[in-house]
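Biologist: I should like a close look at a single part of this structure, with its surroundings described residue by residue where possible. Please begin with one helix and then set out what else can be said of the local backbone and strand pairing.

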Amino acid sequence: MLLGEQEQFLSYNGEVLLFQLSKTEHVEGAADKTTNLCVRRMAFNRDTKLFVQKSSGAFSMRASHLKIEIICCSCTMDSRTGIILPCILMKKKKRNNVVKYLLLLLHSSNQFEQSFNFKLDYELKEDIRLFTGPSVLWRHANKLFYISSDTCTVLSAPVHLSSVVWTGEIEDEGTVVLGIRTACLPDSEEEDEFSTSDRAIWGTEFFGYAIETQKRLTGTCFMPHAYSRVVSSVYVCKNEVLKKQLRISLVAITRKNQLIWFQDGLPKGVCELPYEKPCTVKTAVTSSNDVLFIVSFASGNVCVVQRRDSLQVASTWQKVKSVLVDDFVGSGSEQLLLLFKDSSSTDVLSTFKITDLGGVNYASGINYKHDVPAAEGLQENGLLTVQALETRLQAGYTSVRELQQHLRLKKKVILESCRALIDLVEERTHILPTAKEEGLVSLWDDVENPPPSLSKETSLASKTPEHFIEKLWQRVVGDSLVVGVKLTESFYLSLSDVSLSLVVDQNFCSISPIIECRNKIIKLKKAFSALAVSSCQIEPPPKKMKLDLHGKNDMKKEFPQLDEAKSVIAVTSLSPLLAFHRVCCIVLLHAKKQKHQTDGLQESKKITVLCGKISLSLEDVSNGKYSVKMLKDNSYCTGSLEDILAVLAVSVRFSFQIVSSDCTLTPVNSWLLGEMECTPFKECHDNIFCHKAGIMYGTVFKWTLKNPFEGLLTLFCRNLTVLFQCLYSLIRVLPPSCDVKLLRCGSKGVLTQQLALALEKEMLTLRNSFFSKESKAENSLTWGNEPGKTISGAPVASLLDSEEGVQQFRKKLQDERKESVLSMNQTMNGALYQEISLKIAAAQLNSDMIAWRLS
């Protein structure tokens, strides 16, 4: 006997029924062949934790010139006895395109009974369902057909359906078919106007049809018609009639990979499914009265959705052959039986898992030989523990929801603050939303118009007399948007306190108003004879601090004779902005203004200046409107000042010292102009632009030759990959004796001077902190050197002449020692200690940073 490829699984009264087809061939030359439908009843053994066969049976069918297949199987009720029995639909296909179907019932004695058979001139392929009778229902050419054991005749329902999503029993209606059809809008519509307009918009509607009573049911009692275009399968969890009104609770899976829970025709919850193409959904009620929704997918994956306060995916499995729901372990509640695909074993029940996502959890391949009879008691204790943990989890989930509400409130406050900031810099009066708009109840009368004085102060505060902005520009470099502001020559504030912010215009309220960006400050010499760029330095691992990006001291020492043109640049990611096709941003300049007071101290005041607006659209970027244009013109690289600044802003600076002890470094210049295809900028010959095709295009080099044997090479490249490729190409042309060393930012002489000043500042901070502590101790304690208690030279000499004097001197000396110990062990105020610690830490951090750069 050879096992056929077909096999079907069915759960029945806690057992697993395995149906298989097998063929028995007679002696050679015989024409007749017999096909057997075999059934094996498998039950789970709690001792061995394996499935064992309880009994088996077979049903023989002649298969001469026939092809026999199992169409489907299900548990349906026999109308003769009212007993639910396993039911199997078989197909015999003949040569003349006549298809014969048999419906078999399986009794407890493993005897098969043929309920009825029917013939068709086509094959059943769409929406085949078995229901009470037993009966068979299917759909063909958008028509609904059914046959039962009572009639044994194929009947056609007077409805046209494009799909059937559910078939089952409804109270007072019998067997009901829920399907989807093209919307019918008669002149006299009994339903409400919302249902009518819903169907008219979507063009399809849900339609319910009762088989026994031939009654048509309103589809909106299941779910709104708007879901008819996406729902693929439905499972009705509960239906009842209350006060002559049908109440239905169901779940539906959609082609949008969602599971939606409906209550009385209204959606109550939705859950995103983890896989694509969901096929079927069924339910299971566990021992803790939790309702689980089991969703099967076309790819063989299965997920379980749990319904607590909301629908959430509780667990997922892959490579699942079949999933069944029944009480397999005999606990009085339902569990899931997952049968996995296992090509290494011929036994179909060799790889399985039984679980209810709670106290019951069995799996194949686990050694249970150490189990003892008390295991059931342990399992019960484990169930109680799980329930307690579920209670704690529910309390935690409540806390999480409160935190989410708090975060939503904070986000609303931030958005309103951003709108107020935009109105402030644009000199508009900002009007706060009323309590009614915020969904709140005001405890006092709202003031419709703000006081005139308040509006006047706001208007005056937004006006800044300073004029620091000379030009606003923007460029697109790769996946980065570069926005620059050229400062005027009259800009006198410290560049370390200057930054840019990009704020989305309030008309684009669907995105966050604040754009995350990084700032750079670039100084260019007006004569373009030298170029210095501030770059983000790599910080030492132990500490972090705000870096001096502008390199003010280095540049004044190196180029004292030239004036500087200063620009502040903001760099941000381009792709999130292009997702909205067109975005308008406001550019704000932030700076600190120092004011000298009469007592010699300085007071810093933060100012914000409106630089202007920039607009960005996908069309402009595609046309290259803001692209950087670096072209060759008579051995020079032509590019505007903004193009050069944009390239440097998105680049990272690296400096290398190249020393050759044996030969001169003439190959470096030849390498730059030859292999790297570099051309100098027209106004700045020291800096050259790489035109070589590939990843190294756009790299900027600066080669300074101190003497024939030593030089400094500076690279401005996009990332480390470009840097490594440039160095690899350079090493191949350099002599073997050359030494290439990565330099820290800043010259050695300037860093040495800065380190000395930083160490001096650190020492003064420590001394001042100690003396402030000592002065406070002097104010709170009495010292032994007060008048009348000092031990001067003359009294000491007179005291040492007698034994009583020596005892008196010893006592005074012990008293002074106690006072000294008390002064050292005194407590300190927390605020004072925090202030001293921050000052010392800042001084030490500054000196450590300079020492690291100098190393």
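Modeller: The account below begins with helix 8 and then turns to a sheet and to individual loop residues. The model is a predicted one, and every statement should be read in that light.

Helix 8 spans residues 666-673, and its buried residues are Val668, Trp671 and Leu672. These three lie on the same side of helix 8, because they cover an arc of only 95° around the axis. The general geometry of such a helix fits this pattern: with 3.6 residues a turn, residues three or four places apart point the same way. On the face turned away from the buried side, helix 8 carries the exposed residues Thr666 and Ser670. The cover over the buried residues includes three strands, namely strand 41 (678-680), strand 42 (687-690) and strand 43 (700-707), together with helix 9 (720-733).

Between helix 8 and strand 41 there is a loop, and Glu677 is located in it. The phi of Glu677 is near 55°, a positive value in a residue other than glycine. Glu677 is partly exposed, its relative accessible area being 34%.

A second loop residue may be set beside it. Asn13, in the loop between strand 1 (2-12) and strand 2 (15-25), is not a glycine, yet has a positive phi of about 50°. With a relative accessible area of 63%, Asn13 is exposed; the threshold for that term is a value over 50%.

The sheet to be considered next is open and is formed by four strands in the order 5-6-7-8, with antiparallel pairing. Its edges are strand 5 (67-77) and strand 8 (112-120); each has a single partner strand, so one side of each is left without a neighbour in the sheet. From one strand to the next, the twist averages 20°. Within this sheet, seven bridges join strand 6 (residues 84-93) and strand 7 (residues 99-106) in the antiparallel sense. One specific pair is Met90 with its bridge partner Leu102 in strand 7. In general, strands of a sheet pair through backbone hydrogen bonds, either parallel or antiparallel.

One further backbone feature concerns a proline. Pro134 is found in the loop between strand 9 (126-131) and strand 10 (135-140), and the peptide bond leading to it from Gly133 is cis, with omega near 0°.

Definitions and conventions: Residues are numbered from 1 along each chain as its sequence is written. This is a predicted model: local features need pLDDT of at least 70, side-chain atom pairs count only at pLDDT 80 or more; totals for chains, interfaces and linings use all residues. Side-chain values use heavy atoms; hydrogens and water are left out. Buried means under 20% relative accessible area, exposed over 50%, partly exposed in between (1.4 Å probe, protein chains only). Helices (H or I, at least four residues) and strands (E, at least two) are DSSP runs, numbered from the N terminus. The arc is that of the directions from the helix axis to the C-beta atoms. Contact means heavy atoms within 4.5 Å. Two strands pair if DSSP finds at least two bridges between them. Axes are lines fitted to C-alpha atoms, for helices over the stretch in contact, and angles run from 0 to 180 degrees between N-to-C directions.
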